[in-house]
Amino acid sequence: MLVISIISTKGGVGKTTTAANLGAFVADAGLRVLLLDLDVQPTLSSYFALSARAPAGIYELLAFNERRIDQLVSRTAIAGLDLVLSNDDRGELNTLLLHAPDGRLRLRHLLPALAPFYDLVLIDTQGARSVLLEMAVLASNMALSPVTPEILAARELRRGTLQLIEDIGPYRLLGIEPPPLHLLINRVHPVSSNARLIQQTLRQMFQGQAGVQVLDTDVPAIEAYPRAATRGLPVHQVEHRQPAGRVAPSALTTMRALSGELFPQWRERFAQVTGRSDARGVTRSEGDGERA
């Protein structure tokens, strides 16, 4: 089971949109995906319709060490995509974990109980430095940080997110290696010369920096993403073809490229995802849909 935290100390960069669409695309390829919503503002928890709602959520997982799948895991309307709901309405978990001896390592200790049931866990986090954010990173095999092509966003990335990764370095003394950080340039305007300049600057800034990689795939600023969120659908199902006359690729092409870059071991599965629905409105890959 791979665990990926989607992080940024800056809000509004597209963490939740990335988590929802990446998770749904991988699930559409026939893999078992779990979303963990660690944000106090439960946007991811309401992104997709639920086919079954669990009685518990992230609060019970972290406050009471709840491990029972039937109590924790809600089912989304997307086949193969499950969710642990954000239900820390009063924001108590940060304080609780701050004073707990195992606070920053609690999720790392709990996740192995989920390993038999899932191929991929995606953790959506809040856009601010917190114990919850550090806990998510320490539980992960990889950290993915969306960054918009703006100079202020680039500065905040270096000041906040990269500093976070550096600050958890002492956990190496416990045999815990901080995860590699992958930077996803998000909301790129294809015709903006300023955006292209920032893209180039970001790639040059982190070229050769150990533990940090700027992904080759970037996400264009196209209308399909907010439209998909409004409809409660994965973006690759909303736009599986490139509109005529547009420079930016289709959402399906972007999500396939991003997933393949992050998870090369599943590229053959991703290549079979069409984004189209059958007569019952259920999307599927062109393969047999067996799980890994």
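The following exchange goes through some terms used for this predicted model and sets each against its definition.

Author: This is a predicted model, in which local features need pLDDT of at least 70 and side-chain atom pairs count only at pLDDT 80 or more, while totals for chains, interfaces and linings use all residues. Residues are numbered from 1 along each chain as its sequence is written, and side-chain values use heavy atoms, with hydrogens and water left out.

Reader: What is the average pLDDT of the chain, and where does pLDDT stay under 50?

Author: On pLDDT, the predictor's confidence in each residue from 0 to 100, the chain averages 91, and 94% of the residues score at least 70. Over residues 278-292, however, the value stays under 50.

Reader: Why does Leu 22 count as buried or exposed?

Author: Buried means under 20% relative accessible area, exposed over 50%, and partly exposed in between, with a 1.4 Å probe and protein chains only. Leu 22 has 0% relative accessibility, so Leu 22 counts as buried. Leu 22 has its place in helix H1, where a helix is a DSSP run of H or I of at least four residues and a strand a run of E of at least two, numbered from the N terminus.

Reader: Which residues is Leu 22 in contact with, leaving aside its neighbours within four places in sequence?

Author: Contact means heavy atoms within 4.5 Å, and the residues in contact with Leu 22 on these terms include Leu 122, Leu 144, Met 255 and Phe 263.

Reader: Why do the buried residues of H9 line one face of the helix?

Author: In helix H9 (residues 224-231), the buried residues are Ala 224, Tyr 225 and Ala 228. Seen down the axis of H9, they fall within an arc of 100°, so they line one face of the helix; the arc is that of the directions from the helix axis to the C-beta atoms. These buried residues pack against helix H1, strand E10, helix H10 and helix H11.

Reader: How many cavities of 30 Å³ or more are there, and which residues line the second largest cavity?

Author: A cavity is a set of points, on a 1 Å grid over the protein atoms alone, where a 1.4 Å probe fits but cannot get out, and lining residues have an atom within 4 Å of a point. The count comes to two cavities of 30 Å³ or more. The second largest cavity is lined by Ser 8, Lys 10, Val 13, Pro 146, Val 147, Ala 153, Glu 156 and Leu 157, and H7 gives the most to this lining, with three residues.

Notes
1 Å grid on protein atoms, 1.4 Å probe; cavity = no way out; pocket = protein on both sides within 12 Å on 5 of 7 lines; lining within 4 Å. Points joined across faces, edges and corners; volume = space filled by probe spheres on them.
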